[in-house]
Amino acid sequence: MNNDIERVLYSQDDIKAACERLGAEITRDYAGKRPLVIGVLKGVVFFMTDLMRELDFLTDMDFIDVSSYHGGTESSGEVTLVQDLSTDIEGRDVLLVEDILDSGRTLVYLQELLSARKPKSLKIVTLLDKPEGHQMAAHVDYVGFKVPNEFLVGYGLDYNEYYRNLPYVGVLKPEVYANK
Ligand code: 5GP
Ligand code: MG
Ligand code: MG
């Protein structure tokens, strides 16, 4: 698996430091509140569990599953809801957690979907942000790392469902997905 990686962008230590920094900031901002933390499946599960353990307040969690990639390395441009929340978010302070912001389509879709349900507030944290990929104006409140416009895997990010369990974020060798 490691042989398919061109280079490591963020090591386990880098990611841990980012989770601690983001966790401290979010803990300060939500003082006195009990936000519902919502993760966007599946890529976010690794980041979500690490980030949540840095949040020093009472909180509950839920997940939502959307799909835009359908495998491969390019977004299909269309976002579909695969699995909805099991929690009513009306009147709740909601913190949405994403693995990576690329074109912005997924987050714009989720912002519209969730805002329509009248949460008290909606903030977004993403571990990775690819500024060169932005095509829609998605608003994020907290960012772990700004990343170059390359296809990344590991720490939750997949290529055709593989590589999620790499403990770091790395660049996948283009020959792995060339001619597929
Ligand atoms: P967007 O809708 O912003 O274009 O893309 C967001 C989703 O696309 C992410 O949640 C993630 O699933 C996928 N994605 C975007 N960039 C990458 C990448 O570099 N690597 C992987 N594995 N997935 C990505
Ligand atoms: Mg995602
Ligand atoms: Mg994916």
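Is Glu161 buried or exposed? Glu161 is exposed, because just 8 other C-beta atoms lie within 10 Å, and the cut-off for exposed is 12 or fewer. Keep in mind that this is a predicted model.

Let me stay with that residue. Glu161 sits in the loop between β8 and β9. Its phi is near 80 degrees, a positive value in a residue other than glycine.

Tyr155 is also found in the loop between β8 and β9. Phi of Tyr155 is near 50 degrees, again positive in a residue other than glycine. Now the burial. Tyr155 has 25 other C-beta atoms within 10 Å, so it counts as buried, where 20 or more are needed.

One more loop residue. Pro148 lies between β7 and β8. Pro148 is exposed, because it has 11 C-beta neighbours inside 10 Å. Look across from there to Glu175. Those two residues are 27 apart along the chain, and 18 Å separates their C-alpha atoms.

Next, a backbone point. Which peptide bond is cis, with omega near -5 degrees? That is the bond from Leu41 to Lys42. Lys42 is placed in the loop between β2, residues 36-41, and α2.

On to the ligand. There are 19 residues around ligand 1. Asp102, Ser103, Arg105, Thr106 and Leu157 come nearest. Three elements give two or more residues to this shell: β5 at 93-101, α3 at 105-115 and β8 at 152-153. Which of them gives the largest share? That is β5, with four residues. By type, the shell splits into eight nonpolar, six polar and five charged residues.

Now helix α1. The helix runs over residues 12-29, so count 18 residues, and its first and last C-alpha atoms are 26 Å apart. That is close to the 26 Å expected at 1.5 Å a residue.

Which residues of α1 are buried? They are Ile15, Ala18, Cys19, Leu22 and Ile26. These residues lie on the same side of α1, because they cover an arc of only 100 degrees around the axis. Turn to the face pointing away from that buried side. There you find the exposed residues Asp13 and Arg28.

What covers the buried residues of α1? The cover includes β1 at 5-10, α2 at 45-52, β5, β6 at 121-129 and β7 at 142-146. Two of those names come up elsewhere in this talk. Strand β5 also gives four residues to the shell around ligand 1. And β1 brings us to the sheet.

Strands of a sheet pair through backbone hydrogen bonds, either parallel or antiparallel. Here we have an open sheet of three strands, in the order β1-β9-β8, with antiparallel pairing. Which are the edge strands? They are β1 and β8, since each pairs on one side only. Take the β1 and β9 pair. Strand β9 covers residues 169-172, and four bridges join it to β1 in the antiparallel sense. In that region, Val8 stands opposite Gly170 in β9.

To pull the threads together. Strand β1 is an edge of the sheet, and it is also among the elements covering the buried side of α1. Strand β8 is the other edge, and it also gives residues to the shell around ligand 1. The loop between β8 and β9 holds buried Tyr155, and it holds exposed Glu161 too.

Note on methods
Residues are numbered from 1 along each chain as its sequence is written. Chains are lettered from A and ligands numbered from 1 in the order in which they are written. This is a predicted model: local features need pLDDT of at least 70, side-chain atom pairs count only at pLDDT 80 or more; totals for chains, interfaces and linings use all residues. A residue is near a molecule or strand if its C-beta atom, placed from the backbone, lies within 6 Å of it. Ala, Val, Leu, Ile, Met, Phe, Trp, Tyr, Cys and Pro count as nonpolar, Asp, Glu, Lys and Arg as charged, and the others, Gly among them, as polar. The expected span of a helix is 1.5 Å times one less than its number of residues. The arc is that of the directions from the helix axis to the C-beta atoms. Two residues are in contact if their C-beta atoms, placed from the backbone, lie within 7 Å. Two strands pair if DSSP finds at least two bridges between them.
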